[in-house]
Amino acid sequence: AKSAGAGERRFFDEAMNAQASARLAREAELRRAIAGGELRLYLQPKIDSTSGEMRSAEALVRWQHPERGLLLPGEFIPLAEETGQITELTAWVLDEVCALATRCKRAGLREQPIAVNVAASCFMADGLVERLDQLVRSHHMSPQALVLEVTESMLMKDLDRAVERLQELHAHGFKLSLDDFGTGYSSLAYLKRFPIDELKIDRSFVIDVDHGEKESALVEAIVTLAHRLNMQVVAEGVETPSQAAALQRLGCHLHQGYLYARPMPAQAYEALLATRPVL
Ligand code: C2E
Ligand code: CA
Ligand code: CA
Ligand code: CA
């Protein structure tokens with residue numbers, strides 16, 4: 001029994017070691033990806049469904065992995081958050097977005113805001129506003145060209161500090177978007193304290209908006225409330241014409257989803273902008 005225990009113990013240690021080293025390897029791999037040019041900037045348009053015009057876009061990162069192909073954020077953002085590499089990843093996305101905006105401007109294309117997803121740790125990091133200020137200044141961009149997408153659950157962790165941070169960003173001219181709305185602790189009472197410009201209705205409400213009584217009632221209430229609070233409303237994950245029509249009936253005209261466009265590489269986004277020059 002003694003030796004079996006020792007054997008089990010050794011087996012356990014080895015399994016732990018294998019797990020730890022696999023994680024270290026994944027961490028090193030992600031570091032290489034961020035520093036070594038394996039990340040790719042994708043963008044998905046936010047469309048004014050009444051005119052079909054693109055109004056803005058959301059930056060969505062991908063990882064062009066040398067062996068595993070194009071990876072979606074779900075496969076590496078959680079690791080980046082755990083290891084703190086999300087800071088470098090977000091800095092990379094912000095740089096790319098500013099470089100893209102600069103290229104579009106130089107090419108005489110219409111300027112439109114681009115939204116960046118901001119993880120909780122980045123949102124609360126010291127010096128965020130100073131770094132963003134510095135970034136837009138160095139690119140000769142208006143802060144209004146940058147939209148920061150934050151989630152409700154992120155804000156609810158430390159509400160007072162979050163409100164302070166939102167006010168600071170707002171005062172510096174950055175645009176704010178409340179992502180995945182309706183999925184966190186619902187915070188209708190707090191909504192009036194957030195100086196946000198845009199509210200994004202989570203896809204889970206959009207899925208049944210065209211045949212669920214309750215879903216359409218909820219969406220209608222959210223849209224009315226947001227508009228009364230002077231916020232724009234974007235429906236996320238619009239996939240069918242019937243969902244789009246239902247959303248329009250309920251007063252929600254800004255749509256993002258596969259019905260209009262999938263997330264696309266930056267080049268394709270630039271080409272799309274170029275087909276609709278400003279008049
Ligand atoms: P999210 O911010 O809620 O982004 C929307 C997700 O919905 C994207 O998934 C998008 O591709 C997907 N989507 C858009 N339209 C449709 C549709 O019509 N149907 C369906 N089924 N899905 C649609 P993606 O690109 O896989 O990103 C997943 C999540 O990863 C994002 O959710 C966001 O939380 C996170 N993420 C992506 N890029 C970044 C980033 O640069 N930084 C950080 N911190 N997080 C990111
Ligand atoms: Ca988002
Ligand atoms: Ca979302
Ligand atoms: Ca989401």
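Strand β5, residues 146-151, is mostly covered: six of its six residues are buried. The cover reaches both faces of β5. Leu146, Leu148 and Val150 are buried on one side. Val147, Glu149 and Thr151 are buried on the other. In a regular strand, side chains alternate between the two faces of the sheet. This is a predicted model, and every value here is computed from it.

**The strands around β5**

Which strands pair with β5, and in what sense? Strand β4, residues 114-117, pairs with β5 in the parallel sense, over four bridges. Strand β6, residues 175-181, also pairs with β5 in the parallel sense, here over five bridges. The pairing carries on from β4 to β2: two bridges join these strands, and they run parallel.

Individual bridge partners fix the register. Ala57 stands opposite Ile114 in β4. Ala115 stands opposite Val147 in β5. Asn117 has Glu149 of β5 as its bridge partner. Thr151 stands opposite Asp179 in β6. Two of the β5 residues named here, Val147 and Glu149, belong to one buried side of the strand, together with Thr151.

**Ligand 1 and its shell**

Where does ligand 1 sit? Ligand 1 occupies the largest pocket. The shell around ligand 1 holds 21 residues, and Gln44, Arg62, Asn117, Glu239 and Tyr258 come nearest. Asn117 thus appears twice in this account: it is a bridge partner of Glu149 and one of the residues that come nearest to ligand 1.

Which elements build the shell? β2 (53-65), α3 (86-106) and β6 each supply at least two of its residues. The largest share, four residues, comes from β2.

Three polar pairs between the protein and oxygen atoms of ligand 1 are listed below.

| Residue | Part of the residue | Distance to an oxygen atom of ligand 1 |
|---|---|---|
| Asp179 | polar side-chain atom | 3.1 Å |
| Asp180 | N or O atom in the side chain | 3.3 Å |
| Tyr258 | polar backbone atom | 2.8 Å |

On its own, ligand 1 has 800 Å² of accessible area, and the protein covers 80% of it. Asp179 links the two parts of this report. In β6, Asp179 is the residue opposite Thr151. The side chain of Asp179 also places a polar atom 3.1 Å from an oxygen atom of ligand 1. Tyr258 comes up twice as well: Tyr258 is among the residues nearest to ligand 1, and its contact runs through a backbone atom, at 2.8 Å.

**Two loop residues with positive phi**

Most residues other than glycine have a negative phi. Which residues depart from that pattern? His140 has a positive phi of about 50° although it is not a glycine. His140 lies in the loop between α5 (128-138) and β5. Asn230 is not a glycine either, and its phi is positive, about 65°. The loop that holds Asn230 runs between α10 (213-228) and β8 (232-236).

Are these residues buried or exposed? His140 is exposed, because its relative accessible area is 64%, and exposed means over 50%. Asn230 is exposed too, with a relative accessible area of 70%.

**Met54 and Glu38**

Met54 is found in strand β2, the strand that gives the shell of ligand 1 its largest share. Met54 counts as buried because its relative accessible area is 0%, and the cut-off is under 20%. Met54 and Pro241 are 187 residues apart in sequence. In space, their C-alpha atoms are 17 Å apart.

Glu38 lies in the loop between α1 (2-35) and β1 (39-48). Is Glu38 buried or exposed? Glu38 is buried, with a relative accessible area of 12%. The side chain of Glu38 makes a polar contact of 2.9 Å with the side chain of Arg32.

**The chain as a whole**

The chain has 279 residues, and buried residues make up 46% of them. Its secondary structure comes to 12 helices and 10 strands. Along the principal axes, the C-alpha trace spans about 75 × 50 × 40 Å. Within this chain, β5 has six of its six residues buried, and its parallel partners are β4 and β6.

Conventions: Residues are numbered from 1 along each chain as its sequence is written. Chains are lettered from A and ligands numbered from 1 in the order in which they are written. Side-chain values use heavy atoms; hydrogens and water are left out. Buried means under 20% relative accessible area, exposed over 50%, partly exposed in between (1.4 Å probe, protein chains only). Two strands pair if DSSP finds at least two bridges between them. A residue is near a molecule or strand if one of its heavy atoms lies within 4 Å of it. A polar contact is a pair of N or O atoms within 3.5 Å; within protein, one must be able to donate a hydrogen and the other to accept it, and residues adjacent in sequence count only if both atoms are side-chain atoms. Accessible areas come from the Shrake-Rupley method with a 1.4 Å probe; for residues, only the protein chains shown count as cover. On a 1 Å grid over the protein atoms alone, a cavity is a set of points where a 1.4 Å probe fits but cannot get out, and a pocket is an open set with protein on both sides within 12 Å along at least five of seven lines; lining residues have an atom within 4 Å of a point. A molecule sits in a cavity or pocket if more than half of its atoms lie within 2 Å of its grid points.
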